[in-house]
Amino acid sequence: NNTGLVGISLAALEAPTLLYYIDRHDSTNPNMAPTVARAKTAFQFFQTDRLADIKKELGGSMGAAMTELSARWKALSDADRAPYAELEAEDRERYRREAAIADAEAIAVQEAKRNNLVAREGE
């Protein structure tokens with residue numbers, strides 16, 4: 001038997017058909033599928049790591065801090081960017097795994113709803 005989570009075919013886990021829906025749904029609606037946090041870029045990891053220090057350094061506005069952060073990112077060598085690129089790759093893999101699980105769960109819910117709409121013998 002080639003089924004995985006909640007009886008869904010393992011091939012369905014590789015299908016990216018619902019990723020956009022899953023990521024963009026209204027999180028306040030309990031009837032919708034769970035949100036999968038988007039993968040962060042290397043620059044976003046750099047921003048998380050350095051922005052607070054730059055803001056303290058400059059003591060200015062957020063705009064000035066972001067401009068300086070961007071300039072420092074552009075000035076980094078490939079070797080200095082490597083740890084952030086590694087974090088990005090790990091986060092992309094996390095996103096792919098979590099999105100596959102969320103997709104499988106959403107498909108299971110849709111199939112259950114569809115099965116409830118089908119007329120059964122004796123109805």
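**Exercise 1. Describe the salt bridge between Asp91 and Arg94, and follow the pairing of charges along helix 5.**

Solution. The side chains of Asp91 and Arg94 meet in a salt bridge with an N to O distance of 2.7 Å, where a salt bridge is a side-chain nitrogen of Lys or Arg within 4 Å of a carboxyl oxygen of Asp or Glu. Before going further, note that this is a predicted model, in which local features need pLDDT of at least 70 and side-chain atom pairs count only at pLDDT 80 or more, while totals for chains, interfaces and linings use all residues. Residues are numbered from 1 along each chain as its sequence is written, and side-chain values use heavy atoms, with hydrogens and water left out.

The next step is to place the pair in its helix. Asp91 and Arg94 are 3 residues apart in helix 5, and therefore about one helical turn separates them; helices (H or I, at least four residues) and strands (E, at least two) are DSSP runs, numbered from the N terminus. Both Asp91 and Arg94 are buried, a word that stands for under 20% relative accessible area, with exposed meaning over 50% and partly exposed in between (1.4 Å probe, protein chains only).

Arg94 also has a second partner, Glu98, which it meets in a salt bridge of 2.8 Å, N to O. These two residues lie 4 residues apart in helix 5, about one turn of the helix. Arg94 counts as buried because its relative accessibility is 16%, whereas Glu98, at 35%, counts as partly exposed.

A further pair in helix 5 is Arg96 and Glu93, whose closest N and O atoms are 3.0 Å apart in a salt bridge, the two residues being 3 residues apart, about one turn of the helix. Arg96 is partly exposed at 40%, and Glu93 is partly exposed at 33%. By the same rule, the count comes to 7 salt bridges.

**Exercise 2. Work out which elements build the chain, and how much of the chain is buried.**

Solution. Begin with the elements: the chain has 5 helices and 0 strands, and from the N terminus on they run α-α-α-α-α. Turning to burial, 25% of the 123 residues of the chain count as buried. Finally, consider contacts, meaning heavy atoms within 4.5 Å: among those with a separation of 6 or more, 57% join residues 24 or more positions apart.

**Exercise 3. Identify the residues of the largest nonpolar core, and say which helices supply them.**

Solution. A nonpolar core is a set of buried Ala, Val, Leu, Ile, Met, Phe, Trp, Tyr and Cys residues joined through side-chain atoms within 4.5 Å. The largest one here holds 10 residues, namely Ala42, Phe45, Phe46, Leu51, Ile54, Ala65, Leu69, Trp73, Leu76 and Tyr84. Helix 3 (42–58) and helix 4 (62–75) each supply at least two residues of this core, and the largest share, 5 residues, comes from helix 3. In soluble globular proteins, nonpolar side chains tend to be buried together.

To see one member in detail, take Phe46, which, leaving aside its neighbours within four places in sequence, is in contact with Leu51, Leu69, Arg72, Trp73, Leu76 and Tyr84.

**Exercise 4. Decide which residues of helix 4 are buried and which are exposed, and what the buried ones pack against.**

Solution. First check the length: at 1.5 Å a residue, the 14 residues of helix 4 should span 20 Å, and its end C-alpha atoms are 20 Å apart, which agrees; the expected span is 1.5 Å times one less than the number of residues. Next, list the buried residues, which are Ala65, Leu69 and Trp73. They cover an arc of only 75 degrees around the axis, so they are on the same side of helix 4, the arc being that of the directions from the helix axis to the C-beta atoms. On the other side of helix 4, Thr67, Lys74 and Ala75 are exposed. The last step concerns packing, for the buried residues of helix 4 pack against helix 3 and helix 5.

**Exercise 5. Find what Glu88 touches, and determine whether Glu88 is buried or exposed.**

Solution. Glu88 is found in helix 5, which covers residues 78–117. Its relative accessibility is 17%, and therefore Glu88 counts as buried. Not counting residues up to four places away in sequence, Glu88 touches Lys40, Thr41, Ala42 and Phe45.
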